[in-house]
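Hello! Here is a short colleague's note to read alongside the structure. Keep the 3D view open and look up each residue as you go.

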Amino acid sequence: ARRAYHDPATRHDLGRMDVECPHCHALHWMDEKLSKSSTASPKFGVCCGQGKVKLDAIPEPPALLRNMFTSMDPLYIKFREDVWKYNRAFSFTSLGVHEDHSVNGRGRGPPVFRISGELHHYSGALEAPNGQRPRYSQLYILEPQAALDHRKALNTGLNAAIINTLQGILLQSHQYVPVYQHAYEILQHYDPRNDIKVHLRLTPGLDKRRYNLPTADEVAVLLPEQGAATRGRNIILRTRQNGAFLDRISELHPAYVPLQYPLLFPHGTNGWHQSLTLEGGGTGRGGGDDNEGENDEQEDGRRLTLCRYTSYRIMFHQNEFNLLLRGGRLFNRYNR
């Protein structure tokens, strides 16, 4: 039989990723340019839709946390390998899904985050049931040393010194720490036999496109009697809960992401929500000719979709330190 011969495999090189989008300054490879643009004046659609998506830079992380994500010290290299475990130790909310571990441990491929069913987050009571250790947001209303002791006991496989460092960073920087503490103080003034709830929502009138360093004042703490807004814009907090009842946090709330991923958003920077819009007169699919590199999702008028928001956020922008791009397995979970 005739023996088949093939040309040896050749290495494909896209060159340096150093071509700036003229609108948002995200870096691209030249081959990513829209087909109708020229090499001399390249245009791109996947990052900002040619200027239709405009978001401020994510705030610079605390210097100590930045060092932990960049240092080549063996201690911090190990921290980055386990960063999703450390994040779990500091999340305000639980991950309400069934994770499928069967796909990991086979071969040498990268770890896979695979779930069964829909992804969502749950918020429990602000006080742990009798006989149980406090978890998630319950740890943020405790005295710091008590919270630290519980975190170490719940995460015996993690480095105690790093847990101590991360707790100090988040207590100082995350905008939702004082919000939860204030909500707990409010609930303490009511008869525990009554089902009193506190609603957290974005302050009405807030500039919905602003993404600079947030402050706790941007979050309103409302009691139902004072008029609660639509369910999708609220996070409901209770002092105690009966049985295993948990409150589901809507993916429409701007705190949906920073409460689940505090190590990626150490300032508690609010994420996507329905009020975000495109710039200019963008409608339809927007962005570029041939819809090349564009999201196929139809947009509702000038609304900025979650997919396009995320696409912008995970681009590499010069002069912006983006923890998302350094999150490793934690980034895989964020970008599900």
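The numbered points below go from the whole protein to a surface patch, a cavity and two backbone angles.

1. Please keep in mind that this is a predicted model. Counting its elements gives 9 helices and 10 strands. The chain has 336 residues, and 46% of them are buried.

2. Now think about how the chain meets itself. Take the contacts with a separation of 6 or more: 64% of them join residues 24 or more positions apart. On the outside, the protein exposes about 18000 Å², and carbon and sulfur atoms supply 48% of that area.

3. Which residues form a nonpolar patch on the surface? They are Met 17, Phe 316 and Leu 325, and together they have about 220 Å² of accessible area. Try selecting these three in your viewer.

4. Two members of the patch share a loop. Phe 316 sits between helix 8 (306–313) and helix 9 (329–334), and Leu 325 is also found in the loop between helix 8 and helix 9. Are they buried or exposed? Phe 316 counts as partly exposed because its relative accessibility is 34%. Leu 325 is partly exposed as well, because its relative accessibility is 34%; the partly exposed class runs from 20% to 50%.

5. Stay with Leu 325 for a moment. Setting aside neighbours within four places in sequence, Leu 325 is in contact with Ile 314, Met 315 and Phe 316. Ile 314 is 11 residues away along the chain, and the C-alpha atoms of Leu 325 and Ile 314 are separated by 6.7 Å.

6. Next, look inside. Rolling a probe the size of a water molecule over the atoms shows where empty space is left. In this model there are 4 cavities of 30 Å³ or more. The second largest cavity holds about 50 Å³ of space. Among the residues that line this second largest cavity are Ile 58, Pro 59, Pro 61, Leu 264, Phe 265 and Pro 266, as well as His 267 and Phe 321.

7. Finally, please check two backbone angles. Gln 50 is not a glycine, yet its phi is positive, near 55 degrees. This residue lies in the loop between strand 2 (27–28) and helix 1 (63–70). Gln 50 counts as partly exposed because its relative accessibility is 24%.

8. Tyr 136 also has a positive phi, about 55 degrees, although it is not a glycine. Look for Tyr 136 in the loop between strand 6 (121–123) and helix 4 (144–154). With a relative accessible area of 28%, Tyr 136 is partly exposed.

Terms used
Residues are numbered from 1 along each chain as its sequence is written. This is a predicted model: local features need pLDDT of at least 70, side-chain atom pairs count only at pLDDT 80 or more; totals for chains, interfaces and linings use all residues. Side-chain values use heavy atoms; hydrogens and water are left out. Patches are made of residues with over 30% relative accessible area and no salt bridge: like charges are joined within 9 Å, nonpolar side chains (Val, Leu, Ile, Met, Phe, Trp, Tyr) within 5 Å. Accessible areas come from the Shrake-Rupley method with a 1.4 Å probe; for residues, only the protein chains shown count as cover. A salt bridge is a side-chain nitrogen of Lys or Arg within 4 Å of a carboxyl oxygen of Asp or Glu. Helices (H or I, at least four residues) and strands (E, at least two) are DSSP runs, numbered from the N terminus. Buried means under 20% relative accessible area, exposed over 50%, partly exposed in between (1.4 Å probe, protein chains only). Contact means heavy atoms within 4.5 Å. On a 1 Å grid over the protein atoms alone, a cavity is a set of points where a 1.4 Å probe fits but cannot get out, and a pocket is an open set with protein on both sides within 12 Å along at least five of seven lines; lining residues have an atom within 4 Å of a point. Grid points are joined across faces, edges and corners, and a volume is the space filled by probe spheres set on the points.
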